[in-house]
Amino acid sequence: MVQVIPKQFHQEKSRLGQILALSSLVLIAIVLGGYFVLRAQTAKADFSLKDVKSQLSNIQTQQDLEIKGKIFEYRKKIRDIKLLLSQRKRAGDFLNFLSNFVHPNLYFTELNLDLDKGKATLVGMSSDFPSIGQQIDIFQKQDFTQKVELMDVSLEDQNAIKFTLDISLFSKENQTKK
């Protein structure tokens, strides 16, 4: 008889097929596990990199601030030295003026010189009043001075008179115009 309904064949699964299927599943599991492990390691490395970069930028910022502070400090010192050197000549001119035109019967004990304002205050001692008057007259006749005022006079000892002179100086521009 002819069979119209085919019989079902039972295929025996070969051991090799089972091993291949199982090894494929294991390989897929290993690849997926490796992917997730590598992804976690990459995220951890990115986080550590960001942390190191922020620490490095903080260190650089502190060093930069220290360097900037030192630069500003040196800049201020340079400006101060420049000012001192520019005024050295003018102060020297005033001291030469004093050494040439001080009356022999008196001496000065204090000097306050402000070249920016063109003012000088001299505190001195003398043995008599005529010497003070002659000193004021000598200073007023010089081109270096604009105005000389006797500000304070007091008797210190029996033979000593303490006095203060306030001198307005001509600037270099005014001296050249004269």
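Is Lys77 buried, partly exposed or exposed? Lys77 is partly exposed, with a relative accessible area of 41%. Here, buried means under 20% relative accessible area, exposed means over 50%, and partly exposed lies in between (1.4 Å probe, protein chains only).

Before we look closer, please note that this is a predicted model, in which local features need pLDDT of at least 70, side-chain atom pairs count only at pLDDT 80 or more, and totals for chains, interfaces and linings use all residues. Residues are numbered from 1 along each chain as its sequence is written, and side-chain values use heavy atoms, with hydrogens and water left out.

**View 1. The protein chain has three helices and four strands.** Helices (H or I, at least four residues) and strands (E, at least two) are DSSP runs, numbered from the N terminus. Follow the sequence along and you meet them in the pattern α-β-β-α-β-β-α. The protein chain has 178 residues, of which 19% count as buried.

**View 2. Glu73 and Lys77 form a salt bridge in helix H1.** A salt bridge is a side-chain nitrogen of Lys or Arg within 4 Å of a carboxyl oxygen of Asp or Glu. Side chains of opposite charge can pair when their charged atoms come close. For Glu73 and Lys77, the closest N and O atoms are 3.5 Å apart. Both residues lie in helix H1 (residues 15-101), four residues apart, which is about one turn of the helix. Glu73 is partly exposed, at 42% relative accessible area.

**View 3. Lys76 and Asp80 make another salt bridge in helix H1.** Their side chains meet at 3.5 Å, N to O. Here too, the two residues are four apart, about one turn of the helix. Asp80 counts as partly exposed, with 36% relative accessibility.

**View 4. Lys147 pairs with Glu149 in a salt bridge.** The closest N and O atoms of this pair are 2.9 Å apart. Lys147 is partly exposed at 44% relative accessibility, and Glu149 is partly exposed at 31%. In total, the structure holds four salt bridges.

**View 5. Ile28, Leu32, Tyr35 and Phe36 form a nonpolar patch on the surface.** Patches are made of residues with over 30% relative accessible area and no salt bridge: like charges are joined within 9 Å, and nonpolar side chains (Val, Leu, Ile, Met, Phe, Trp, Tyr) within 5 Å. Together, the four residues have about 440 Å² of accessible area, a kind of value that comes from the Shrake-Rupley method with a 1.4 Å probe; for residues, only the protein chains shown count as cover. Phe36 belongs to helix H1 and is exposed, with a relative accessible area of 51%.

**View 6. Helix H2 keeps its buried residues on the same side.** Those buried residues are Ser131, Ile132, Gln135, Ile136 and Phe139. They cover an arc of only 140° around the axis, so they sit on the same side of H2; the arc is that of the directions from the helix axis to the C-beta atoms. How far should the twelve residues of helix H2 (residues 129-140) span? At 1.5 Å a residue they should span 16 Å, and the end C-alpha atoms are 17 Å apart, which agrees. The expected span is 1.5 Å times one less than the number of residues in the helix.

**View 7. Phe101 of helix H1 and Gln135 are 34 residues apart along the chain.** Their C-alpha atoms are separated by 8.1 Å. Phe101 is partly exposed, with a relative accessible area of 29%.

**View 8. Thr145 is found in strand E3 (residues 145-155).** Thr145 is buried, with a relative accessible area of 3%. Its side chain reaches the backbone oxygen of Gln142 at 3.3 Å.

Terms used. Polar contact = N/O pair within 3.5 Å; in protein donor to acceptor, adjacent residues only side chain to side chain.
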